[in-house]
Amino acid sequence: MTSGVTNEPVILDAMELTSDPDLEARFAPSAHQILSDLVSGGAALGWVEPPSPDEVAELLGHVVSAVQAGDAALRVAYLDRRLVGLGYWLRYARPTHRPHADLEKIAVAAAAHGHGVGRALTAALIADAREAGIEVLTLDARGDNTNALHLYRSSGFTEYGRLPGFVAVGEHRYDKVLYMLDFRQQD
């Protein structure tokens, strides 16, 4: 990774991340800060309250183990050696669903919104899924997350379902929107 100042995000995979001891050491605390700040601001990332550092470290450990087993992809985004985003997909565990994976999380620091980080992470994770032989890549998003929904549609995902009022955040209810990208139809 170059140390020069750039406006373009540098996207690394898990192997590139773990090969740089400095970046690897700062990864979990930096990821925690991003996720915690986003959830505090009301972001739709699956938590109602900001996750603890231990919870994030455990999640990231699980994802990295799955990457090492060939059952996941992790991508991270840096601007000037500062973590500004992360995303991952995990292969489904159920034997009959093993050809498929779920894009579980894309998170971009608020300060990096509008710099193409989410789009770059999504594109890299889609390419990783295709390369891994994933047949269908799925994801779900909260219905009021219009920016994410637009990103996914513009990246080739199609909506295949909606669960009205399924996501509960306090007294508020939101639709859970289900998307898929079927590589079998593209190959």
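The following chat discusses the strands, helices and turns of one predicted model.

User: What kind of model is this, and how are residues numbered?
Analyst: This is a predicted model, in which local features need pLDDT of at least 70 and side-chain atom pairs count only at pLDDT 80 or more, while totals for chains, interfaces and linings use all residues. Residues are numbered from 1 along each chain as its sequence is written, and side-chain values use heavy atoms, with hydrogens and water left out.

User: Start with the sheet. What is the strand order?
Analyst: The order is β1-β2-β3-β4-β5-β7-β6, an open sheet of 7 strands with mixed pairing. Strands (E, at least two residues) and helices (H or I, at least four residues) are DSSP runs, numbered from the N terminus. Two strands pair if DSSP finds at least two bridges between them.

User: Which strands are at the edges?
Analyst: β1 and β6 are the edge strands, each pairing on one side only. From one strand to the next, the twist averages 25°. Such angles run from 0 to 180 degrees between N-to-C directions, and the axes are lines fitted to C-alpha atoms, for helices over the stretch in contact.

User: Is β2 buried or exposed?
Analyst: Strand β2 (residues 72-79) is largely enclosed by the rest of the structure, because 8 of its 8 residues are buried. Buried means under 20% relative accessible area, exposed means over 50%, and partly exposed lies in between (1.4 Å probe, protein chains only).

User: Which residues lie on each side of β2?
Analyst: A72, L74, V76 and Y78 lie on one side, and A73, R75, A77 and L79 on the other. Both faces are covered.

User: How many bridges does β2 make with β1 and with β3?
Analyst: With strand β1 (residues 10-13), β2 pairs in the antiparallel sense over 4 bridges, and V10 stands opposite Y78. With strand β3 (residues 82-91), β2 is joined by 8 bridges, also antiparallel. There the bridge partner of A77 is G85.

User: What about the turn between β2 and β3?
Analyst: β2 and β3 form a hairpin with 2 residues between them. D80, in that loop, has a phi near 55°, a positive value in a residue other than glycine. R81 lies in the loop between β2 and β3 as well, and its phi is positive, about 60°, although R81 is not a glycine.

User: How accessible are D80 and R81?
Analyst: D80 has a relative accessible area of 39% and is therefore partly exposed. R81 is at 24% relative accessibility, so R81 also counts as partly exposed.

User: And just before β2, where does G70 sit?
Analyst: G70 is in the loop between α3 and β2. G70 has 39% relative accessibility and so counts as partly exposed. G70 and L90 are 20 residues apart in sequence, and their C-alpha atoms are 9.4 Å apart in space.

User: Switching to the other end of the sheet, what pairs with β7?
Analyst: Strand β5 (residues 136-142) pairs with strand β7 (residues 172-182) in the antiparallel sense over 7 bridges, with A141 opposite V177. Strand β6 (residues 158-169) pairs with β7, again antiparallel, over 8 bridges. Opposite pairs there include L163 with K176 and G161 with L178. In the hairpin of β6 and β7, with 2 residues between the strands, G170 has a positive phi near 60°.

User: Now the helices. How do α2 and α3 meet?
Analyst: The axes of helix α2 (residues 21-40) and helix α3 (residues 53-68) come within 9 Å and cross at roughly 115°. Contact, meaning heavy atoms within 4.5 Å, is made by F27, A28, A31, H32 and L35 of α2 and P53, V56 and L60 of α3.

User: Where does α2 lie on the sheet?
Analyst: α2 lies across β1, β2, β3 and β4 (101-108), and runs at about 90° to β3.

User: Last one: how far does α4 reach, and which of its residues are buried?
Analyst: Helix α4 (residues 117-131) has 15 residues and reaches 21 Å from its first C-alpha to its last, close to the expected 21 Å at 1.5 Å a residue. That expected span is 1.5 Å times one less than the number of residues. The buried residues are V117, G118, L121, T122, A124, L125, I126, D128 and A129. G133 follows α4 and has a positive phi, near 80°.
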